[in-house]
Every structure is written in structure tokens, then in C-alpha cells.
Amino acid sequence: MIPFHTLTSRAIPLPAADIDTDAILPARFLLLLSREGLGEHLFHELRRNAQFALNRPDLAGAQIIVGGPRFGIGSSREQAVWALADYGIRCIIAPSFGEIFYANCINNGILPITLEGEPYEGVLDAADASVEFHIDLTAQTIDIGKRSPITFGIDASRRDALLSGRDTLDTILHDDMEHIARFEAQQQDAEPWLWIDETQFAPFASIGGDND
Amino acid sequence: MTHGGQTLYAKLWDAHVVREQGDGEALLYIDRHLVQEVSSPQAFEGLDRRSLRFRRPSAHVATPDHAVSTDVSAPNPRDSLMALQVRRLIENSRKHGVPFVGETDAAHGIVHVIGPELGFTLPGCTLVCGDSHTSTHGAFGALAFGIGSSQCETVFATQCLPQSRQKTMRINFNGRLSPGVAVKDVVLALIAQIGTEGGRGYAVEYAGDAVRAMSMEQRMTLCNMTIEAGARIGLVAPDETTFAYLKGRPLAPQGELWDQAVAYWRSLPSDNDARFDSELTFDVSAVVPHVSWGTNPSQCSPVTGRVPDPAAEADPSKRGKLSQSLAYMDLEPGTSLDDILIDRVFIGSCTNSRIEDLRAAAAVAEGRRVSAGVSAMIVPGSAQVQAQAEAEGLDRIFREAGFSWRSAGCSMCVAMNADRLSPGERCASTSNRNFEGRQGPGGRTHIMSPAMAAAAAITGRLTDVRELAEEAA
């Protein structure tokens, strides 16, 4: 995962409420087996409208989206985040996010910033006016050329994950395998019924076998 | 946590903490993982790229549901993207020794229907799936939530996920459902009131005498729709109804282990003095049948109502959203909801494709005909549901009424198989999402209960199912 420290870019204003992950990446593109190249299909339907802000020539190459309330609600499809990342988006600022989408952003090095009220309105106006943003994750600030930068909050663990670019799976493999083994031994003792024996699957499922 | 005063959620959480990470975060152990074809290919690929293996293959069950064809006369073409995606799941499952249920197997179906049917879903377990409707399994008192593909990969290799502890919300449903009113109506009424982010940040527990009286099928519908209120987790405390449903299922414990498990499961319900961060109470006896008219699940109303007028909305941002929704749905403000004509009917999905759903739809369809010009289909949630419905003669009722009778899969809930709306088509659907394009680009979705969708099929318009009941009486 690419670490996130600072980002300087213009921002695409998409303030409509409830932009769900079906709108970000329609389901038929989930049939594609690779995560690369999904940016081509980002906002597939909405992009057909010439007025859609993603199509604004002055915002070409922008790496920030200023979204609306409940950005990314709905389906858990991580493909929506891969499509955003593949398109070049590194940061999304919105009053609120879908929870699964938010976690998927963190896991892909995209900084989701929750911002409400006046600071949000300021950022949205700046995006609309094609102002250049400077985002600093360590300082937790968004500078849009005003006298003092806007500050934002983010959980320390998520900030650290983005700053380090460290991968969740690698971290667990490095730090926790002993803890996991210990937990499993205890659970097998206390709740043995949770430990399914492979033979129990035989009546209805296949295990292993040849791939043709 | 102190002794006593614990919520169901707290008990489930505490029992799965592998390591506390501070600030309400912990590495949680994941007991169960349902694997489907859409969210798994990149997770398997990631595992292979790192040369990792599954930590516990038998803690996973894989099956294709989203991309499969549910029309036996029209299987997916061999070189279609759908067929390729299903084949990739077969190959990946074989390679990694993951128990796999094929699309023609007797145990096949939508992941959120077969997990419970197999007894894979158990009270007190943690269960994940790369699908937001994993909240369904909370109906059993399981800590179940949807995840992304990267997290699927992490579970493959470690059986763990880092999670933040959620706040808790208890929603009490009291009273009795009126005739013609389903749990789908109750949950739509709830979402209309609290909105699509009313549950964000919370693990929701449903309680109250109405919930205790619900069957497992009804509880699953309720928990399934929880994600549409913005909460990833919906829970119902396990009770005798839960145990009776699970006893004898293939993966449920048996003999002495069953007794041991039930004894533990009885300790899971929230303590009487448990405190919730938020609590709401509703009287379900006042709920009437609901339909959605907009493009998110909170945009719904009693079917006796009218399409709202954006001009009457004071908040400018809500007014904008409302206008946009009505433009997409091609609806005029003030139109009576039951004057809205439909082209298609879809009864199915992980929300409403279980045997009780099909019985409710069949009770409306029996002895009637699907309206001329309406194309209606019934898609059972699993091969088991299909077999049960056929044993009860429901398929005959549907066929005679002019519905098409399909095999199990996600079908037209999600436009990634052959079942989709054409642009401009309007559908009465028992699925969970009425988002723009959800059932196909340009398609218009009205979500409702199975009985309401069957009524719409008969009349060709959105219809208060209670009128058909009166007519028959």
C-alpha cells in the first residue's frame, strides 16, 4: 500500500447525498476478475452526463473528491474503491461515509476525511472554484489558501495505517500469530462445536479435487 | 466491562478478542466465512501472490450466487464473464481445500440463505462475508458483518480482523403485526424514520415482544435490512425459536455438544440491566404495507400515501435529493402510490426468498392471474427452499398464475447476471436496494414485501395487498 503523507491537488465536487457504491461502480463491472483498470468504469452512468463534475476540464487529474452525505453507502464491493484508486483518487472529503466503504478506503491507501458544517461548506466551495488543496495527514489539516488551514479528525490507528502504508495482513502475520494460536486453543476447549470437522461437509460440499 | 449489565453485542465481542489494541479497537477472531464469486477472486489472488495458505479451510464455505443463471433453460454461456467468474471460484476453492457448494448441488443457494440452512451460522459465532447483507446472520445472535475483499484475504490467512467496537442501539418492536403486514414493512417504516445513516456506528439489537414472536425467516429479513439503515450489524438474541431452527442441521452441533452449545447460547442475551448507547421503541401494530418511491431505502411510504412534493421540503439539500430521485423514478409529486404502473415483478433476494416469503406471495397469487403485460418471476433463495416450495405445490400456484419459476440465486437483485431491468422499466421487487441502476442501468425499483410484490403482479400497479384480501373474503 502506498503511504499517505501529503497531497496537493484540486478537488472534484460531488456533493449529492447518498452516492452509493452501485453508482461509483455498477454491478456488471464486478464480473471483471482483476482490480486493475477499473478506473475506466468509475461512475459509469453518472459520467455520461457532460455536467458531471468528473468531466470538468479544469479538474482533470484531480486526486480529491468532495462528496456528499453518506458517500459510499450500500454494497461492500471493494471494487468501488479500487476504481477510485485506479482513477487516481487519493482522498475523499464528505460529511459522512458508508462504514464498509470507509474501511475499504483505509485498506487501499485512500484518506477518507469526515467534515461537516462550515468547514465542509468551505471545502466544497473551494473545490467548485477549482482551488488547489494541500492536505497534510500528520498535521491533520486541509489548506485551501485561507488564513488558517482546516483541521480534521481521524482515529489514530487509521491515521498511522495510512502514514505507514503498512498492510493489515502483514501486520497480523508479523505480530499476532502466537496470540491467534493461543486464542484458538482456548476456544477449542470452551466452544468445541465451533470447530467443524472436515468430514461434516461431505454430504453437501466438495473439498479439493482436480482443476480441469 | 464490569460483571453483569452486558449487552449481547458486548458478550459476542469479548468472546472473540484475540488482542486488545487500545481505543476500543481489537483483533477479533472470525469463526466463519462465507465466500462467493464476486468479492473473492482478488482475495485468492492476493493470497497466492504472497504464497500464503488458508489458516483453517473448514471455517469457510464457498458458493457462487451473484453471477449464476437462475433460468435452467438459459445457462450462462461458457465464455461469458459470469461463467468465468464462477469457474474461478471453483478453481480457487479446490486449490485451497475450501468446502465448495456448486450451483447444481442440493445445498446451493444465496450465501445468506444457505449459511443458516446448513447450520454454518450459529449463535455466538463471528461470521463475515464479502457482502454487505451479511448482517442477515445476526438473526441467530451471531456477530456477523460485511467486509471488503482485502479483509476476505486477511481472514483466509489469519482467521482474524482488526475491528473497532461499535456503539450499541436497541430497537424495541412491540405489538402485533396487522393482517397483510410483513416484517419488510416494519423495517421499511423504520428506515423511513431513522434514515440511511440512522444506525451508522452502531451494532443494532432488535428486541421486544414482536421480535420474540418472529420466526427465524422474519428475523433474517429484519437483520438483513439493517445495513440499509447504515448499521453493519443487526442482532436478535437467540431463544427457543433459534434452537428449534438449528437442531439437526448438518453443521450444527449434535448430541452432547448440542446440549453444551445450547447452555452457552442461553447465556448470550443482553442482561436485564444492560445499558445501550441509544434506544428506540416502536409499536408495530400501527405499521401498514410500505413501498419505496425513491432511490434509497429511506425514501418509502405507506402504500396508501402519495409521491411527496419536493416543494414542500424545507431543507434545500433534501429538496434537491428528492427532486433528483423523482426525476430518476419518473414520478410526479402527488401521484397516489397505488396508481403507479409496473412492468416487472421480482420476488427473491437474500432479503425475501425464504419459504415463508414464497408462501406469503403464493397466498396472494393463488387463483389469480399476473396482469397482462407484466413479467413476473419467483426466485427461491436456495435449492432447499425451491424443493420445499415444490413439495408444497407453491410452484404450481405461481406457474398457473403466470409467474416464471426459477432456480436459486441472487438474480435481479443485482444487475450482474442475465436478469436485469431494461432502461425505463419499472419493477416491484422484494430485494433490498432501490438505488439508481441497481437492477439494471435506467431501471426503476420499488421495494416491498413478497405479498405486496405478488399483489402488484396481479393488478399491474403498486397495490395495497389488503385490498386483494378483502376482495377474496
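This report walks through the interface, the enclosed spaces and the salt bridges of a predicted two-chain model.

Local features are given only where pLDDT is at least 70, side-chain atom pairs count only at pLDDT 80 or more, and totals for chains, interfaces and linings use all residues. Residues are numbered from 1 along each chain as its sequence is written, chains are lettered from A and ligands numbered from 1 in the order in which they are written, and side-chain values use heavy atoms, with hydrogens and water left out.

## Where the chains meet

Let us begin with the interface. Here 69 residues of chain A are in contact with 91 residues of chain B, contact meaning heavy atoms within 4.5 Å. The two chains bury about 6300 Å² between them, 57% of it on carbon and sulfur atoms; buried area is the accessible area (1.4 Å probe) that two parts lose on being put together, summed over both. On the chain A side, A:Leu31, A:Leu33 and A:Trp193 lose the most area to chain B, together 14% of what that side buries.

The polar side of the interface holds 28 residue pairs in polar contact, both residues at pLDDT 80 or more. Such a contact is a pair of N or O atoms within 3.5 Å; within protein, one must be able to donate a hydrogen and the other to accept it, and residues adjacent in sequence count only if both atoms are side-chain atoms. The elements of chain A that give two or more residues to the side touching chain B are α2 (79-87), α3 (99-106), α5 (156-164), α6 (168-175) and α7 (177-190). Of these, α7(A) gives the most, with 8 residues. Helices (H or I, at least four residues) and strands (E, at least two) are DSSP runs, numbered from the N terminus. By class, this side of chain A has 30 nonpolar, 18 polar and 21 charged residues.

## Salt bridges

Across the interface there are 8 salt bridges, while the whole structure has 33 over all chains. The rule asks for a side-chain nitrogen of Lys or Arg within 4 Å of a carboxyl oxygen of Asp or Glu. One pair is A:Glu184 with B:Arg55, at 2.8 Å, N to O. Within chain A, A:Arg77 and A:Asp22 meet at 3.2 Å, N to O. A:Arg77 lies in the loop between β3 (64-67) and α2 and A:Asp22 in helix α1 (residues 21-24), so this pair ties together parts that are 55 residues apart in sequence.

## Pocket and cavities

On a 1 Å grid over the protein atoms alone, a cavity is a set of points where a 1.4 Å probe fits but cannot get out, and a pocket is an open set with protein on both sides within 12 Å along at least five of seven lines; lining residues have an atom within 4 Å of a point. The count comes to 2 cavities of 30 Å³ or more.

| Space | Volume | Among the residues closest to the centre |
|---|---|---|
| Second largest pocket | about 740 Å³ | A:Asp18, A:Arg70, B:Lys318 |
| Largest cavity | about 250 Å³ | A:Ser75, B:Gln36, B:His66 |
| Second largest cavity | about 150 Å³ | A:Ile73, A:Gly74, B:Ile227 |

The second largest pocket is lined by 33 residues, and α11(B) gives the most to that lining, with 6 residues. The lining of the largest cavity has 8 nonpolar, 13 polar and 5 charged residues.

Notes
Grid points are joined across faces, edges and corners, and a volume is the space filled by probe spheres set on the points. Ala, Val, Leu, Ile, Met, Phe, Trp, Tyr, Cys and Pro count as nonpolar, Asp, Glu, Lys and Arg as charged, and the others, Gly among them, as polar.
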